[in-house]
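Here are my comments on the model you sent round, set out as numbered points. Please read them with the structure open beside you.

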Amino acid sequence: MGLFFAKMERKYGKYAIRNLPLYITIVYAFGFFMHMLFPQTMDLFSLNFHAIFRGQVWRLFTWILIPEGMNIFFTLISLYFYYSIGRTLERTWGSFLFNVYFFSGLILTVLGSLILFGFMELFGQEWLSAMESYYTIAYGGDCPALYGGSYVHAIIANSFGIYYINMSIFLAFAMTYPDMQVYVFFILPIKVKVLGIIYVVIMGFSIVSSFLSGGLYIGMISLVSIGMSLMNTLLFFLIFKTKRVKSPKEVKRQHEYKVKVKAASNVTRHKCAICGQTEKDNPNLSFRYCSKCEGNYEYCSEHLFTHEHVKRH
């Protein structure tokens with residue numbers, strides 16, 4: 001599998017979206033301000049397959065516009081944080097692999113919503129009917145068709161969103177740079193691998209508690225919405241444990257080595273004291289030091305015999 005992705009990168013890497021984290025951030029920011037101005041659009045954009053199968057196909061794409069929260073200060077910090085770690089991962093892995101990682105997370109989230117919809121339709125009809133009756137009484141009247149036509153499916157759809165996609169990016173960052181320190185609340189230094197472990201434990205506890213407190217169907221909503229959104233993290237790092245494909249850490253070391261080699265290659269050994277040309281500017285030039293100048297003055301072949309000799313007073 002790892003060899004397959006290596007071949008895919010060589011063949012299709014040129015089509016990868018460069019600087020993808022920037023575009024992701026712009027989309028998230030657009031969604032946030034759109035919901036500030038038109039908050040009702042949240043029910044129109046969610047990943048609701050009950051509505052999708054009734055013609056609202058735009059929901060397959062618009063769900064990524066639904067923000068994590070509506071606090072502008074929290075949103076700005078989140079956007080900057082996820083852009084920073086996303087950009088770091090893109091530089092480390094390369095644009096192609098970061099594209100694959102991010103879009104596989106989106107695809108798995110859509111697939112998870114579809115799987116949960118099918119499960120509920122096959123095995124949870126009695127529970128869906130009971131819950132729909134409850135919400136119809138609580139909200140008064142039937143759910144508008146434009147908003148999905150079902151209160152229960154609309155609520156279930158809101159379990160799928162960009163939060164777990166963003167957390168999958170963070171987990172990838174934590175696994176790639178486990179010893180890097182971040183400052184929680186700008187004060188407490190902590191290694192990202194510790195935050196990653198804490199997050200996984202919290203998600204595991206959330207799934208178990210959903211089954212225990214809410215029963216099978218509430219538990220399945222939690223399991224599928226969390227599990228499928230984060231599945232790309234597991235799949236990606238299982239692939240890169242194969243011997244035939246470089247791990248992200250190896251890619252990082254190679255990138256750093258290339259940067260150093262490139263920087264070293266830009267250093268010139270010769271420079272004319274008159275015109276400033278170097279061997280990189282004109283490979284045909286030859287350079288010599290003048291024995292009659294007092295000091296280490298080097299000249300190109302065009303000025304070696306025509307310059308005025310430097311004398312120290």
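1. Trp63 is a good place to begin in this predicted model. Leaving aside residues up to four places away in sequence, Trp63 touches Phe45, Ser46 and Leu47, then Leu106, Thr109 and Val110, and finally Phe160, Gly161, Ile162 and Ile165. The residue sits in the loop between α5 (59–62) and α6, and its relative accessibility of 2% is why Trp63 counts as buried, the cut-off being under 20%. One of these contacts deserves a separate remark, since Trp63 and Ile162 are 99 residues apart in sequence and yet 8.0 Å apart in space, taken from C-alpha to C-alpha.

2. The chain as a whole should be kept in view while reading the local details. It has 12 helices and 4 strands, and buried residues make up 42% of its 313 residues. Among contacts with a separation of 6 or more, 62% are between residues 24 or more positions apart. The chain exposes about 18,600 Å², of which carbon and sulfur atoms supply 66%.

3. Which residues have the most contacts inside the largest nonpolar core? They are Trp93, Phe102, Leu116, Met120, Trp127 and Ile156, in a core that has 59 residues. Two or more residues of this core come from each of α2, α4 (49–52), α6, α7 (95–123), α8 (125–139), α9 (151–157), α10 (162–176) and α11 (192–239), and the largest share, 13 residues, is supplied by α11. As a general remark, nonpolar side chains in soluble globular proteins tend to be buried together.

4. Phe102 can be examined individually as a member of that core. When residues up to four places away in sequence are not counted, Phe102 touches Leu20, Ile24 and Tyr28, and also Ile165 and Ile169. A second, separate core of 8 residues includes Cys272, Phe287, Cys290 and Cys300.

5. The surface also carries nonpolar side chains. A nonpolar patch of about 910 Å² is made by Phe33, Met36, Leu37, Phe38, Met70, Ile72, Phe73, Leu76 and Ile77. Both α2 (20–37) and α6 (72–93) supply at least two residues of the patch, and the largest share, 4 residues, comes from α6. Met36, which lies in helix α2, has a relative accessible area of 45% and is therefore partly exposed, falling between the cut-offs of 20% and 50%.

6. How many salt bridges does the structure hold? There are 3, and one of them joins Arg87 to Glu90, with the closest N and O atoms 2.7 Å apart. Both residues lie in helix α6, 3 residues apart, which is about one turn of the helix. Is each partner buried or partly exposed? Arg87 is partly exposed, with a relative accessible area of 25%, whereas Glu90 counts as buried because its relative accessibility is 3%.

7. The other pairs to discuss involve Asp179, which forms a salt bridge with Lys191, the closest N and O atoms being 3.8 Å apart. This pair links distant parts of the chain, with Asp179 in the loop between α10 and β1 (181–184) and Lys191 in strand β2 (residues 188–191), 12 residues apart. The side chain of Asp179 also meets that of Lys193 in a salt bridge, at 3.2 Å from N to O. Because Lys193 lies in helix α11 and Asp179 in the loop between α10 and β1, this pair ties together parts that are 14 residues apart in sequence. Asp179, Lys191 and Lys193 are thus linked in a network of salt bridges.

8. The accessibility of this network can be stated residue by residue. Asp179 is partly exposed, with a relative accessible area of 47%; Lys191 is likewise partly exposed, at 34%; and Lys193 counts as partly exposed at 35% relative accessibility. In general terms, side chains of opposite charge can pair when their charged atoms come close.

Methods. Residues numbered from 1 in each chain as written. Predicted model: local features only at pLDDT ≥ 70, side-chain atom pairs only at ≥ 80, totals over all residues. Heavy atoms only, no water. Patch = residues over 30% accessible without salt bridge, like charges linked within 9 Å, V, L, I, M, F, W, Y side chains within 5 Å. Areas by Shrake-Rupley, 256 points an atom, 1.4 Å probe, with all protein chains shown as cover. Salt bridge = Lys/Arg side-chain N within 4 Å of Asp/Glu carboxyl O. Buried < 20%, exposed > 50% of the residue type's maximum accessible area, 1.4 Å probe, protein only. Contact = heavy atoms within 4.5 Å. Core = buried A, V, L, I, M, F, W, Y, C linked by side-chain atoms within 4.5 Å.
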